[in-house]
Amino acid sequence: MKRVLITGAAGFIGSSLTDELLARGDEVIGVDNFNTYYDPAIKRRNLKQADSMDRFTLHEVDICDENAVNALFAATEPEVVVHLAARAGVRPSLQDPNLYHRVNVIGGQHILDACRHHMPSHLVFASSSSVYGGSVDVPFRETDPVMTPVSPYAATKRM
């Protein structure tokens, strides 16, 4: 059994991973700020099954709050971190690129810094197919160069 911290735990992928890890017997520390890009009520429903389990705790923390991130890592001592949290949406990133930079880059750096200080055995980071930009070479490969993002969202996920 591992103690796994998942950022973005209330999203579709995060909640699905949460359920799978709980089913195999792991302890899951869910982190989400329930921003309004997706309906928070849907996100809360995503965690309904997990909420009924003793091995799941939910922390409403914004990864942009460095002190809160550090306090959470210190209090929970995760063995594994899965970083899925991000400000989603290609089109909205064109309207507010600074928000995307703050969440996806600076918030992501807070997770990396917390991992550096608290030393979980593993960090898994999910990016986005958006980083491949206008590439016509499909299927995409992790080894493909990703030098031409076509949106602020893609650029922040590449960073």
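Start by selecting Ile29 and everything around it: leaving out residues up to four places away in sequence, Ile29 touches Arg3, Val4, Leu5, Ile6, Thr57, His59, Leu72, Thr76 and Pro78. Keep in mind as you look around that this is a predicted model. Ile29 sits in strand β2, which covers residues 27–32. Its relative accessibility is 1%, so Ile29 counts as buried. For a sense of scale, draw a line from the C-alpha of Ile29 to that of Tyr153: the two are 124 residues apart in sequence and 26 Å apart in space.

**The sheet**

Now switch to a cartoon view and color the strands. You have an open sheet of 5 strands, in the order β3-β2-β1-β4-β5, with parallel pairing. At the edges are β3 (56–60) and β5, each of which pairs on one side only. Look along the sheet and you can follow a twist that averages 15 degrees from one strand to the next.

Zoom in on β2 and β3. These two run parallel and are joined by 5 bridges. To find your place in this pair, select Asp32, which stands opposite Glu60 in β3.

**Two helices across the strands**

Next, show helix α1, residues 12–23. This helix lies across β1, β2, β3 and β4, and runs at about 170 degrees to β1. Then add helix α6, residues 97–118, which lies across β1, β4 and β5. Compared with β4, the direction of α6 is at about 170 degrees.

**Inside the cores**

Hide the cartoon for a moment and show nonpolar side chains. In soluble globular proteins, side chains of this kind tend to be buried together. The largest nonpolar core here has 14 residues. Select Val4, Ile6, Val28, Leu47, Phe56 and Val82 to see the members with the most contacts inside it. The elements that contribute two or more residues to this core are β1 (3–7), α1 and β4 (80–83).

Center on Val4 for a closer look. Beyond its neighbours within four places in sequence, Val4 is in contact with Leu21, Glu27, Val28, Ile29, Val80 and Val82. Ile29, where the tour began, is back in view here as one of those contacts.

There is a second, separate core of 13 residues, and Val61, Val69, Ala85 and Cys115 are among them.

**The cysteines**

Since Cys115 has come up, how many disulfides does the structure hold? The count is 0. Select Cys64 and Cys115 together to see the reason: the sulfur of Cys64 is 16 Å from the closest cysteine sulfur, in Cys115, which is too far for a bond. A disulfide would need the two sulfurs within 2.5 Å. Cys64 is buried, with a relative accessible area of 18%, and Cys115 also counts as buried, at 9% relative accessibility.

**From β5 towards α7**

Move on to the loop between β5 (122–125) and α7, where you will find Ala126. Is this residue buried, partly exposed or exposed? With a relative accessible area of 27%, Ala126 is partly exposed. Among residues further than four places away in sequence, Ala126 touches His83, Leu84 and Lys157. You can also select Ala86, whose C-alpha is 9.4 Å from that of Ala126, although the two are 40 residues apart in sequence.

Ser151 lies in the loop between β5 and α7 too. This serine counts as buried, at 7% relative accessibility. Show its side chain and you will see it reach the backbone nitrogen of Ala154 at 3.0 Å. Setting aside neighbours within four places in sequence, Ser151 is in contact with Val90, Ser93 and Leu94.

**Last stop: Thr156**

Finish in helix α7, residues 152–158, by selecting Thr156. Which side chain does Thr156 join through a polar contact of 2.9 Å? The partner is the side chain of Asn104. Thr156 is buried, with a relative accessible area of 5%. Add Tyr100, His101, Asn104 and Val105 to your selection, and you have the residues in contact with Thr156 once its neighbours within four places in sequence are left aside.

Conventions: Residues are numbered from 1 along each chain as its sequence is written. This is a predicted model: local features need pLDDT of at least 70, side-chain atom pairs count only at pLDDT 80 or more; totals for chains, interfaces and linings use all residues. Side-chain values use heavy atoms; hydrogens and water are left out. A nonpolar core is a set of buried Ala, Val, Leu, Ile, Met, Phe, Trp, Tyr and Cys residues joined through side-chain atoms within 4.5 Å. Buried means under 20% relative accessible area, exposed over 50%, partly exposed in between (1.4 Å probe, protein chains only). Helices (H or I, at least four residues) and strands (E, at least two) are DSSP runs, numbered from the N terminus. Contact means heavy atoms within 4.5 Å. A polar contact is a pair of N or O atoms within 3.5 Å; within protein, one must be able to donate a hydrogen and the other to accept it, and residues adjacent in sequence count only if both atoms are side-chain atoms. Two strands pair if DSSP finds at least two bridges between them. Axes are lines fitted to C-alpha atoms, for helices over the stretch in contact, and angles run from 0 to 180 degrees between N-to-C directions.
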